[in-house]
Protein chains: 2
Amino acid sequence: MNIGIIGLGLIGGSLGLDLRACGYKVLGVSRREQVCQKATSRGAVDLASMDLATLADAEVIFVCTPIAAILPTVQQLIPHIDPATVLTDVGSVKAPVVDEVAPLWANFVGGHPMAGTADSGIEAAQTELFVSKPYVLTPVENTPSAATAKVEEIVKSIQANIYYCSPQDHDRAVSLISHLPVMVSGTLINTCHSDKQEVVKLAQQLASSGFRDTSRVGGGNPELGMMMARYNRQELLRSLQSYRQNLDTVINLIEQEDWDSLEQQLQSNHIARKQFVRE
Amino acid sequence: MNIGIIGLGLIGGSLGLDLRACGYKVLGVSRREQVCQKATSRGAVDLASMDLATLADAEVIFVCTPIAAILPTVQQLIPHIDPATVLTDVGSVKAPVVDEVAPLWANFVGGHPMAGTADSGIEAAQTELFVSKPYVLTPVENTPSAATAKVEEIVKSIQANIYYCSPQDHDRAVSLISHLPVMVSGTLINTCHSDKQEVVKLAQQLASSGFRDTSRVGGGNPELGMMMARYNRQELLRSLQSYRQNLDTVINLIEQEDWDSLEQQLQSNHIARKQFVRE
């Protein structure tokens, strides 16, 4: 089977490396000649080109561009491909993408491989990036089951753990476990950084593993945080409002010295975390 | 020099191991016979007893009990010791301790070694626990400088990094970098756990390293969180209110789609974190 990949960065490049190892023929497209050359020399593609027409022979095409480029890429791609071609994307937000692309292309299946690293670009591509990582597929009511089956077959071959859900449930779940932590953690840094000067200096000297872990994602790449806020705005706001209510409850319990209720809450958090984290 | 240690748990036991290795004679006191025996057999003390009178010969005494027991312990200890004896504690909150103990004992120097582990008890005691870790001393206006110098000399021998500040600045700094993260992180768990059932289940399946790190201290031992809230209540509330204001700002920026200001904030967090964390 010929597989197309548009966008040869960390995700697209890593997909190419694994799919070629599985025996698929991989046709890659990038806007930049230099990236095409690197992808070829790294063995991430059998053939790379700047021309979308190269993908006319692909049965399945992975759109691995940044979120903002998915819709225009699909629009430019459509004149070159057969209606039977299956399209899928790897965007980290699903409802806005599916809402725009599904009406344009019947055989579109939204997807989100949850396997990033701190690095990006074709240089960062690596083999087995997706092994045992979640890979969410979000077919909708009108998605042909044959299209979904074809994407599932390919995703299984790279040994990811496949989950199915609606685009809305995906966006709500990732707003909770991925986007909310970035805002919560960033606000912690801001709060510790904006106290009076001598306390900030002391806090910098005394901060240890607790602060380090809690602040990690909040101190990460600002571009990622911006992407979350822009493209998952509605769900992120809902999660932030819910968080703010829960925070107010904690503040009230401490203000009122309601130690029994606070202890119950801390105990509940202690137990609940084990269902999210396998350590 | 004879050094006394009251409370032979993780901190008291680990102090004993290192101080004996430095050549000090260590006299230990525990309320429990079994702990006295274990501390002796582990080599954490030269002599262990359940009787505070054993410490009559100690020049410096470390009170390593839980915070709530520090004041009653000092009150019971006073009849047995000479006024020249230097007392210090290892409580993780300083103003409440210093406010109560300093009026009872002139030669008292508040202290806080910031070197915990997830474990507790004499079984968890280990050598070199304090090496290169912060050890805060909080002498006040009336504290004799000779008393402070004596504690400093001992703390230097276990190779901790010594910091001096007022009890109030200590409590404010640790409320920011240690106690606030516990509440912020716990509230994240609570929020992710209390959404609608199918989203919670999906979130549990998709949660990865970002959620794991941001939720770690919030899912920790509830007793530690309770101790922070009870004994550092005022400073923790101040930090929580400040956090809540900063969170509201972030929510407003996202609501108003003020992407420039949000990006500035995320960029500022990215830079500020480096001054707190050495990775």
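Buried area is the accessible area, taken with a 1.4 Å probe, that two parts lose on being put together, summed over both. Keep that in mind for the exercises below, and remember that the model is predicted.

**Exercise 1. Work out how much area chain A and chain B bury between them, and which three residues of chain A supply the most of its share.**

Solution.
- Start with the total: the two chains bury about 8700 Å² between them.
- Now split it by atom type: 66% of that area lies on carbon and sulfur atoms.
- Then look for the top contributors on one side. Leu206(A), Arg273(A) and Phe276(A) supply 8% of what chain A buries against chain B, more than any other three residues.
- Finally, count heads: chain A puts 88 residues into the contact, and chain B puts in 88 residues.

**Exercise 2. Find the polar links across the interface of chain A and chain B, then say which elements of chain A touch chain B.**

Solution.
- The salt-bridge rule picks out 12 across this interface.
- Check one by hand. With a cut-off of 4 Å between side-chain nitrogen and carboxyl oxygen, Arg233(A) and Glu257(B) qualify, since their closest N and O atoms are 3.6 Å apart.
- Polar contacts come next: 32 residue pairs, both partners at pLDDT 80 or more.
- On the chain A side, elements giving two or more residues include strand 8 (134-137), helix 7 (197-206) and helix 11 (259-273).
- Helix 6 of chain A gives the largest share, 20 residues.
- Sort that side by class and you get 41 nonpolar, 28 polar and 19 charged residues.

**Exercise 3. Describe how helix 6 and helix 10 of chain A pack against each other.**

Solution.
- Geometry goes first: the two axes come within 9 Å and cross at roughly 65°.
- As for the hand, the crossing of helix 6 and helix 10 of chain A is right-handed.
- Next, pick out the residues that meet. Helix 6 brings, among others, Ser175(A), Leu176(A), His179(A) and Met183(A), while helix 10 brings residues including Leu236(A), Arg238(A) and Tyr243(A).
- Tally this helix contact and you have seven nonpolar, three polar and four charged residues.

**Exercise 4. Locate the two ends of the salt bridge between Arg20(A) and Asp46(A).**

Solution.
- For context, a search over all chains turns up 30 salt bridges.
- In this one, the N to O distance is 3.1 Å.
- Arg20(A) sits in helix 1 (residues 10-21) of chain A.
- Asp46(A) is in the loop between helix 2 (33-41) and strand 3 (47-49) of chain A.
- The partners are 26 residues apart, so the pair links distant parts of the chain.

Terms used:
Residues are numbered from 1 along each chain as its sequence is written. Chains are lettered from A and ligands numbered from 1 in the order in which they are written. This is a predicted model: local features need pLDDT of at least 70, side-chain atom pairs count only at pLDDT 80 or more; totals for chains, interfaces and linings use all residues. Side-chain values use heavy atoms; hydrogens and water are left out. Contact means heavy atoms within 4.5 Å. A polar contact is a pair of N or O atoms within 3.5 Å; within protein, one must be able to donate a hydrogen and the other to accept it, and residues adjacent in sequence count only if both atoms are side-chain atoms. Helices (H or I, at least four residues) and strands (E, at least two) are DSSP runs, numbered from the N terminus. Ala, Val, Leu, Ile, Met, Phe, Trp, Tyr, Cys and Pro count as nonpolar, Asp, Glu, Lys and Arg as charged, and the others, Gly among them, as polar. Axes are lines fitted to C-alpha atoms, for helices over the stretch in contact, and angles run from 0 to 180 degrees between N-to-C directions. A crossing is left-handed if the near helix is turned anticlockwise from the far one by less than a right angle, and right-handed if clockwise.
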